[in-house]
Amino acid sequence: MTKLEDKLIASVKKSEQDTPDTNAGQEKTAASKPASKKKPASPNPKRVSKKPGRKTRATSKHGRAAVKKEQPDLHPERVWPD
Amino acid sequence: MGCTTFSVANLKGGCGKSTLALNLAAGLMVRGRTVLLDADPQGTLAHWTNHEGVVGMPHVVAAGASLSRAIRSASSEYRYMVVDCPPTLESGHTETVLKMADIVLIPVLPSPPDLWSSTHMVEAVKGARSINPGLRAYFVRNQVEPRSALSQAMRQALRSCGLPSLESTLGRRAAYRWAALEGISVYQFGARGKKAVSDIESVIEEVFNHD
């Protein structure tokens, strides 16, 4: 037997070991699949769920993420009404 | 004498099932009335073949909704039947055919992925034999290039898959493709199809001599 034949035969045996049994796989998947845990809908999805009065990183004096620099005017051409 | 039903099946697409099925049916036509049943729900063969004024082409029929009924009906009218199976087990068509056929030919290209997918056909055949114990199954090496080491090595490798492989092979020949373009078999392709005809004849004779 040539080396190429040996290699091909070995690859067949490997593919047989790697390939799961299709039916068993499907049953196992169906049985072991956890029930989907859906998050309960928020009563007010637009509201940010933080405790009132709690300082965010943006408002905290000492927060590293505090926004200090001025935001650039993104629409300099816009004329703002008086 | 009853009808001998050949099936051509492989779960790997593009391995030459339809080409083998059509040319096998044309070869069997020389020996007796033959029908080619297209079990592919898309009905590719039924649309592809050209019968206008072509002598010797087998009768091609799309299996339609009830494959088992089509096979039973055809077996009462023809001496040979060739069933071209779709490249999947999901539709149930391949399984149905294997449970009703006498012989299944599994064309395999000389490539490792085709070799690996052949193991799935071995399982399908084993399953079918629980209902149809007389089912004979053979690998047929397709698109073989005589000078290619891989083509030659496939012969030994297929033996390890659990089903016998025919010694006869189908060569990588332009005639199969050109004939397909015309919608005919290599038997109607004249001198250009001579070597391809020889391939098919070898396959048929070897299958018959295996009886």
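In this predicted model, 14 residues of chain B are in contact with eleven residues of chain A. Putting the two chains together buries about 1000 Å², and carbon and sulfur atoms give 76% of that area. Below is a friendly tour of this interface, then of a strand inside chain B, and finally of one loop residue with an unusual backbone angle.

**Where chain B meets chain A**

- On the chain B side, B:Trp116, B:Gln156 and B:Ser160 lose the most area to chain A, and together they account for 41% of what that side buries.
- Helices α5 and α6 of chain B each supply at least two residues of the side that touches chain A.
- Of the elements on that side, α6(B) gives the most, with seven residues.
- If you are looking for charge pairing, the rule finds zero salt bridges across the interface of chain B and chain A.
- Polar contact between chain B and chain A comes to one residue pair, with both residues at pLDDT 80 or more.

**Strand β5 of chain B**

- Strand β5 of chain B covers residues 103-108, and six of its six residues are buried, so the strand is largely enclosed by the rest of the structure.
- In a regular strand, side chains alternate between the two faces of the sheet.
- Here, B:Ile103, B:Leu105 and B:Pro107 point one way from β5(B), while B:Val104, B:Ile106 and B:Val108 point the other way, and all are buried.

**Neighbours of β5(B)**

- Strand β1 of chain B (residues 4-8) runs parallel to β5(B) and is joined to it by three bridges.
- To find this pairing in the viewer, look for B:Ser7, whose bridge partner in β5(B) is B:Val104.
- Strand β6 of chain B (residues 136-141) also pairs with β5(B) in the parallel sense, over six bridges.
- In that pairing, B:Pro107 stands opposite B:Val140 of β6(B).
- Helix α5 of chain B (residues 112-129) forms a right-handed β-α-β unit with β5(B) and β6(B).
- That helix, α5, is also among the elements that supply residues to the side of chain B touching chain A.

**A loop residue to look at: B:Gln143**

- B:Gln143 sits in the loop between β6 and α6 (149-159) of chain B.
- Most residues other than glycine have a negative phi.
- The phi of B:Gln143, however, is near 55°, a positive value in a residue other than glycine.
- Is B:Gln143 buried or partly exposed? B:Gln143 is partly exposed, with a relative accessible area of 25%.

Notes
Residues are numbered from 1 along each chain as its sequence is written. Chains are lettered from A and ligands numbered from 1 in the order in which they are written. This is a predicted model: local features need pLDDT of at least 70, side-chain atom pairs count only at pLDDT 80 or more; totals for chains, interfaces and linings use all residues. Side-chain values use heavy atoms; hydrogens and water are left out. Buried means under 20% relative accessible area, exposed over 50%, partly exposed in between (1.4 Å probe, protein chains only). Helices (H or I, at least four residues) and strands (E, at least two) are DSSP runs, numbered from the N terminus. Two strands pair if DSSP finds at least two bridges between them. A crossover is right-handed if, with the strands pointing away from the viewer, the path from the first strand over the helix to the second runs clockwise. Contact means heavy atoms within 4.5 Å. Buried area is the accessible area (1.4 Å probe) that two parts lose on being put together, summed over both. A salt bridge is a side-chain nitrogen of Lys or Arg within 4 Å of a carboxyl oxygen of Asp or Glu. A polar contact is a pair of N or O atoms within 3.5 Å; within protein, one must be able to donate a hydrogen and the other to accept it, and residues adjacent in sequence count only if both atoms are side-chain atoms.
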